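The exercises below are to be worked with the sequence and coordinates open. Each task is followed by a solution in steps.

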Protein chains: 2
Amino acid sequence: MKPKTQDQSVSYTSGSDSDSTLRYRTQHLLRTAILDGDYSAGEKLKERELCELTGASRSILREALVNLEVHGLIVRESYRGYSVAELSARKISEIFELRSLLETQAAELFTERASDLEIDALSLAMKELEQCLVDEDFNLQRMRQTKEQYYHVLFSGCRNEEIRRALGSIIDRVLYLRAKKMVEPSRRKASLDEFRKLTKALIERDQFAARAASIAHLQAAREALLMSLAEQQANTC
Amino acid sequence: MKPKTQDQSVSYTSGSDSDSTLRYRTQHLLRTAILDGDYSAGEKLKERELCELTGASRSILREALVNLEVHGLIVRESYRGYSVAELSARKISEIFELRSLLETQAAELFTERASDLEIDALSLAMKELEQCLVDEDFNLQRMRQTKEQYYHVLFSGCRNEEIRRALGSIIDRVLYLRAKKMVEPSRRKASLDEFRKLTKALIERDQFAARAASIAHLQAAREALLMSLAEQQANTC
DNA sequence: TTGACTTTTTTTGTATACAAAAAGTAAAAT
DNA sequence: ATTTTACTTTTTGTATACAAAAAAAGTCAA
């Protein structure tokens, strides 16, 4: 496990929304740690260590772990504990199949249902996103938070808590993937372009263009991910 | 809470698949209790009672509750405990919006990807479903198990664990709704017809017809649910 | 009777303790 | 040297204990 820094993300997290019980804070802490790549895929999560890390007792910790488990971020094996979920090429394909379905729909719904306030918020989130990429020192954690914020606005704007929830789990894992692999600058530039197109369509409430931009973005992201995964596996072997 | 009987359903449940730790069994027990309508919507779930009911200790029980919470079957309020999730008309609409998106896609994928074995399984599940409705004494629990089985086969056949997972949570809540409201015989008959059409299309791997049947079924189900909800509320007031 | 206030009880939030399974380790036998 | 096996340590599965918050029940004055 790698070093850590602070996190102030507003997180649209997983499960019962922000209350400040210890369980919730613990769960949030673990989630961000995983999303920021502090653990490698497949790494075992020992309860003892996590207790020390978070300062929570085992009862609390385990409740938090159950939450992350249902969200698919970690997996449990009987009498063998938890470990960070591994994402095979197949799993990534499945995730993208579902994500495409949902996110495209979400984009479409956003153009229909988002309030003007939310349009502004999206515009702002887009500016932040641009900032992130323009700035010299590329900060992965900041990037993650910014993307999270963007998606938060997008998903909220489509006025369907259920879709938001389902997409939440999915996006978490996509963000996790990004933390681990694919940070090639070339893709970063292209990705930004796609986001620009999508945002423009969303702001103009152009349903057709939004759907198209969403599809294009998803397809490109999926290909890039699978490509870098293949590359990575080639290097390992 | 009402009396209970046995349950042997194979359940494609929620979260880490069938292992036989106490936590899993507890979670399964609670889930079926809720799905079979043993608790009324909004009813408070006192941990003490549930401990006695399930025989598990609080640690285990609470872990099970966290699972059900993430699946949206129950809701938690700080320092006020859990209660069965209430499903407003709005919530039902949201659920159906997501469900339509996923289930229609699932039906389509099934026609493409299901193995011949799975086609047979679906055919069998359909026969069971017919049996359920033909038999004199209508048994709600059996109906729930049978539907669950049908959906299990359908979702498995579309070869996407992620879609299956997302649909799982959704269907659970739909089954819960059915347990509570809408059991009008008229709708039952119509529903069976819709299932027949859908099944036929799926078995024949007719993608277009499957999608159409799925859409038709979902729309009818949604309308019936909202209708009976409105009726129910009218009676209450 | 009602309504504010206090006390008691219940219920949840959190921490710790004990038991059982798995993993790791070192000595004995081949 | 290698394998086996007994033993120790670690880790998870499960149960219980204590503290804090909320709900319920009384109490007393107007």
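**Exercise 1: a loop residue in two chains**

A:R205 lies in the loop between helix 8 and helix 9 (207-236) of chain A. Helices (H or I, at least four residues) and strands (E, at least two) are DSSP runs, numbered from the N terminus. The model is a predicted one, in which local features need pLDDT of at least 70 and side-chain atom pairs count only at pLDDT 80 or more, while totals for chains, interfaces and linings use all residues. Residues are numbered from 1 along each chain as its sequence is written, chains are lettered from A and ligands numbered from 1 in the order in which they are written, and side-chain values use heavy atoms, with hydrogens and water left out.

Task: state the sign of phi for A:R205 and the burial class of A:R205, then treat B:R205 likewise.

Solution.
1. Phi of A:R205 is positive, near 55°, and the residue is not a glycine.
2. The relative accessible area of A:R205 is 31%, so this residue is partly exposed. The classes are buried (under 20% relative accessible area), exposed (over 50%) and partly exposed in between, with a 1.4 Å probe and protein chains only.
3. In chain B, B:R205 is found in the loop between helix 8 (185-203) and helix 9 (207-236). Its phi is also positive, about 55°, in a residue that is not a glycine.
4. B:R205 has a relative accessible area of 31% and is therefore partly exposed.

**Exercise 2: relation of the two chains**

Task: find which rotation superposes chain B on chain A.

Solution.
1. Superposition is by least squares on the C-alpha atoms of residues with pLDDT of at least 70 in both copies.
2. The rotation is 180°, with 0.0 Å of shift along its axis and an RMSD of 0.0 Å.
3. The two copies are therefore related as by a two-fold rotation axis.
4. In chain B, B:E63 has the C-alpha nearest the axis, 2.7 Å from it.
5. Both copies use the same surface, since 100% of the contact residues of chain B recur in chain A. Contact means heavy atoms within 4.5 Å.

**Exercise 3: composition of chain A**

Task: give the secondary structure, burial and contact range of chain A.

Solution.
1. Chain A has nine helices and three strands.
2. Along the sequence their order is α-β-α-α-β-β-α-α-α-α-α-α.
3. Of the 237 residues in chain A, 54% are buried.
4. Taking contacts in chain A between residues at least 6 apart in sequence, 76% join residues at least 24 apart.
5. The accessible surface of chain A is about 10,900 Å², and 52% of that belongs to carbon and sulfur atoms. Accessible areas come from the Shrake-Rupley method with a 1.4 Å probe; for residues, only the protein chains shown count as cover.

**Exercise 4: the nonpolar core**

Task: which members of the largest nonpolar core touch the most other members?

Solution.
1. A nonpolar core is a set of buried Ala, Val, Leu, Ile, Met, Phe, Trp, Tyr and Cys residues joined through side-chain atoms within 4.5 Å.
2. The largest such core has 125 residues, and A:Y150, A:L202, B:Y150 and B:L202 touch the most other members.
3. Leaving aside neighbours within four places in sequence, the contacts of B:L202 include B:F110, B:I119, B:L122, B:Y150 and B:L154.
4. In soluble globular proteins, nonpolar side chains tend to be buried together.

**Exercise 5: helix 6 of chain B**

Task: compare the expected and actual span of helix 6 (residues 140-157) of chain B, then describe its cover and its ends.

Solution.
1. The expected span is 1.5 Å times one less than the number of residues.
2. For the 18 residues of helix 6 this gives 26 Å, and the end C-alpha atoms are 26 Å apart, which agrees.
3. Helix 6 of chain B is mostly covered, with 14 of its 18 residues buried.
4. At the start of this helix, a side-chain oxygen of B:N139 comes to within 2.9 Å of the backbone nitrogen of B:Q141.
5. B:R159, with a positive phi near 55°, follows helix 6 of chain B.

**Exercise 6: buried or partly exposed?**

Task: assign a burial class to A:Q27 and B:Q131.

Solution.
1. A:Q27 is found in helix 1 (residues 22-35) of chain A. Its relative accessible area is 1%, so A:Q27 is buried.
2. B:Q131 is found in helix 5 (residues 116-134) of chain B. At 42% relative accessibility, B:Q131 is partly exposed.

Technical notes:
Polar contact = N/O pair within 3.5 Å; in protein donor to acceptor, adjacent residues only side chain to side chain.
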